Amino acid sequence: MALLETRGVTKAFGQLAALSEVDFVVEGGQLHGLIGPNGSGKSTLLKCIAGAELPTRGRIHLGGRDITEATPSERARAGLSLKFQVTSVFPELSVYHNVLLALQAHSPLAALTFSRTRDGLHRRVMEILAELRLRDRAAAAAGVLSHGEQQWLEIAMALASRPRLLLLDEPTGGMSLEERRATGQLLVALKRSCAIVVVEHDLDFIREICDVLTVLDQGRVLESGTVEQIQRSRKVQEVYLTRV
Amino acid sequence: MLKTSAATRVAALELALLAVFAVLPAGLQEFRVIFVTRVLILALLALSFDLVWGFAGIMSFGQALFFGAAGYTVALLARDAGITSVFVVLPAAVGVGLVLAFVVASFLLLGRNPPSLTFVALGTLTGSYAADRLARGWYYLGGQNGIPSIPPMTAGPWQITEGLTYYYLALALLVGVYLVCRFLVRSQLGLALAGVRINEARMAFFGYRVQSLKAIVFAVAGAIAGLAGGLYAFHEGFVWPNMLGVILSTQIVLYALFGGVGTLIGAVIGVVAIEIVSFVLSDAYPTIWPIMLGLLLLGVILFRPGGLISVLVPRRERIGLFGLARPGRSQARAEAIDGAA
């Protein structure tokens, strides 16, 4: 059974159809790239999957469970995690607290009230910060981090809950070449523990790390397949040569 | 470190205020002790507002609803059932505030979509206004005159009358509630509330049940307001519709803004400062004191938007300290964080 499956997902904003009958499948342990020209519906599809937008039509299943009507909170509890395109860290809180906030999200109320999970979560917070090269910045306010560091912090927060499916909307936006390379290595290592869907404009980055690509164009799935298949696809070449 | 010095200053302020309140009655005439007791009870009410707005980001213009409803409940218990035991009436007041606040939260906060700040502010304001009108028009509740001549609260064979005994009862309850609130906002729950206050939508994507969290905090704050209402009713000896209404609800907001929200101690300072200034001004300038008080409030809110507490603890120092779980509880963790700083 596929980990994520959307069937006939359509999202209309008034007369404008941002997504039309999108069928999209992600298998467990897969690093799945979602590409397409600007306005092709990549971010809208991610938002529909994460619950930020409700589809006008169609169904979304996660691990066999229908989550089409589920709230973002219910989807997160079902194992879905999202990194937004625009960074949305908590600028006034320290980097440490940003990650702890994400990590303790599934703790019961009584545990939060009596701070029962704090000591247990501390080690995990520091591990995640070390993994994302943010250990030295643990005490800094998240708002003073560079854009690239904020992107990493976002990924750290998205990873904190050990999701089954991680949705990353433009994870390398604003990063240097070195930071992009490190992010790519991290994502490849991560797919051992969860499936990842990446929306990204940097095709070289996508080519290097992804197992499977889905190409969207004008709200429809144009092509889906391995990186090699997509590179050979005449339809995709036409779209990219004429519109990108 | 900056954070430590801010924490130390606040702790020093908390202890200084406690020490002052502990010895204050020794140097005051009885009518002034009664006045300060009223201030302590209103400080409880201000704490309830600070908890919902300063920490959970819920703009409640209806805290008087829970205060007044609890006041009327204990007044009715005393008048109609002859129940005045402190061990019954105060828990009853807490229960009424808790349940009523949870009912209001169910309507205003627990929908599928997160409500806007304005919706909650107007919803709580409407609740407060409606309760005031209801009390004014209901003969059983005494109409415009309210319920007078409530018998004194009792503890076994003893009566707890206004004066020293009531003063120390109110002080003990204020300190107890303050410590509970302090514990809550510095726990992991406090960190979650800080997240809700800063970016509610993001918290839902982490998996937090944001609306439930807000409803629980709102109910706890309602319980505190209820406790204050029960104490106030027996202290004053009567209840009247203004205890439920919009004017008192707004006054509570002003107390907290004047002292500084999101710090707990700021709310207490706000009540103390406004009530003392009102007391002094009304004595010295009986005709124009409300205008002077209004100008003072306006001045503080315009020039010190962080409230009086910002004189002692600037806003930038509050960031990362109040409402947050402090990372340095265990030695290993403290070293990790301090080493990184």
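1. Two strands pair if DSSP finds at least two bridges between them. With that in hand, a good place to start in this predicted model is chain A, where 4 strands form an open sheet in the order E2-E1-E4-E5, with antiparallel pairing. The edges of this sheet are E2 and E5 (65-66) of chain A, each of which pairs on one side only.

2. Let's walk through the pairings of E1(A). Strand E1 (residues 4-13) of chain A is joined to strand E2 (residues 16-26) of chain A by 7 bridges, and the two run antiparallel. If you want a spot to click on, Leu4(A) has Val26(A) as its bridge partner in E2(A). The hairpin of E1(A) and E2(A) has 2 residues between the strands, and Gly14(A) there takes a positive phi near 65°.

3. E1(A) also pairs with strand E4 (residues 57-62) of chain A, again antiparallel, through 5 bridges. Two positions help to fix the register: Thr10(A) has Arg57(A) as its bridge partner in E4(A), and Arg7(A) stands opposite Arg59(A) in E4(A). That second pair sets one arginine across from another, so you may like to look at it on screen.4. Strand E3 (residues 31-35) of chain A has a different set of partners, which the next two pairings show. E3(A) and strand E8 (residues 195-199) of chain A pair in the parallel sense over 4 bridges, and Leu34(A) has Val199(A) as its bridge partner in E8(A). Another 4 bridges join E3(A) to strand E9 (residues 212-217) of chain A, also running parallel; in E9(A), Leu34(A) stands opposite Thr214(A).

5. Is E3(A) buried or exposed? Of its 5 residues, 5 are buried, so the strand is largely enclosed by the rest of the structure. Leu31(A), Gly33(A) and Ile35(A) point one way from the strand, while His32(A) and Leu34(A) point the other way, and all are buried.

6. Met157(A) is worth a visit too. This residue is found in helix H6 (residues 147-160) of chain A. Met157(A) counts as buried because it has 29 C-beta neighbours inside 10 Å, where 20 or more are needed. Leaving aside residues up to four places away in sequence, Met157(A) touches Asn98(A), Val99(A) and Ala102(A). Val89(A) is 68 residues from Met157(A) in sequence, with a C-alpha to C-alpha separation of 8.6 Å.

7. Now to the nonpolar cores. The largest has 184 residues, and those with the most contacts inside it are Val99(A), Ala156(A), Ala46(B) and Leu47(B). Helix H9 (residues 210-236) of chain B supplies the largest share of this core, 17 residues. In soluble globular proteins, nonpolar side chains tend to be buried together. What does Ala46(B) touch, not counting residues up to four places away in sequence? The list is Ile252(B), Tyr255(B), Ala256(B), Ala267(B), Val268(B), Gly270(B) and Val271(B).

8. Where the chains meet, 37 residues of chain A are in contact with 30 residues of chain B. On the side of chain A that touches chain B, the elements giving two or more residues are helix H2 (72-77), helix H3 (95-103), helix H4 (109-113) and helix H5 (118-131) of chain A. H3(A) gives the most, with 5 residues. By type, the residues on this side of chain A divide into 17 nonpolar, 13 polar and 7 charged.

9. As for the overall form of chain B, it has 15 helices and 2 strands. Its radius of gyration is 20 Å, close to the 20 Å that the globule rule gives for 341 residues, so chain B is as compact as a globular protein of that length. The C-alpha trace of chain B spans about 65 × 50 × 45 Å along its principal axes. Of the 341 residues of chain B, 49% count as buried. Among contacts in chain B with a separation of 6 or more, 78% come from residues 24 or more positions apart.

10. Finally, confidence. The model scores ipTM 0.88 and pTM 0.88. Chain B has a mean pLDDT of 89, with 90% of its residues at 70 or more. Which helix of chain B has the lowest confidence, and which the highest? Helix H15 (residues 331-340) of chain B is lowest, at a mean of 44, and helix H3 (residues 63-80) of chain B is highest, at 97. Over residues 322-341 of chain B, pLDDT stays under 50, and the model has 42 contacts beyond four places in sequence for this stretch. Where pLDDT is low, the predicted coordinates should not be read in detail.

Definitions and conventions
Residues are numbered from 1 along each chain as its sequence is written. Chains are lettered from A and ligands numbered from 1 in the order in which they are written. This is a predicted model: local features need pLDDT of at least 70, side-chain atom pairs count only at pLDDT 80 or more; totals for chains, interfaces and linings use all residues. pLDDT is the predictor's confidence in each residue, from 0 to 100. Two residues are in contact if their C-beta atoms, placed from the backbone, lie within 7 Å. A nonpolar core is a set of buried Ala, Val, Leu, Ile, Met, Phe, Trp, Tyr and Cys residues joined through C-beta atoms within 7 Å. A residue is buried if 20 or more other C-beta atoms lie within 10 Å of its own, exposed if 12 or fewer, and partly exposed in between; C-beta atoms are placed from the backbone. Ala, Val, Leu, Ile, Met, Phe, Trp, Tyr, Cys and Pro count as nonpolar, Asp, Glu, Lys and Arg as charged, and the others, Gly among them, as polar. The radius of gyration is taken over C-alpha atoms; the globule rule is 2.2 Å times the number of residues to the power 0.38.
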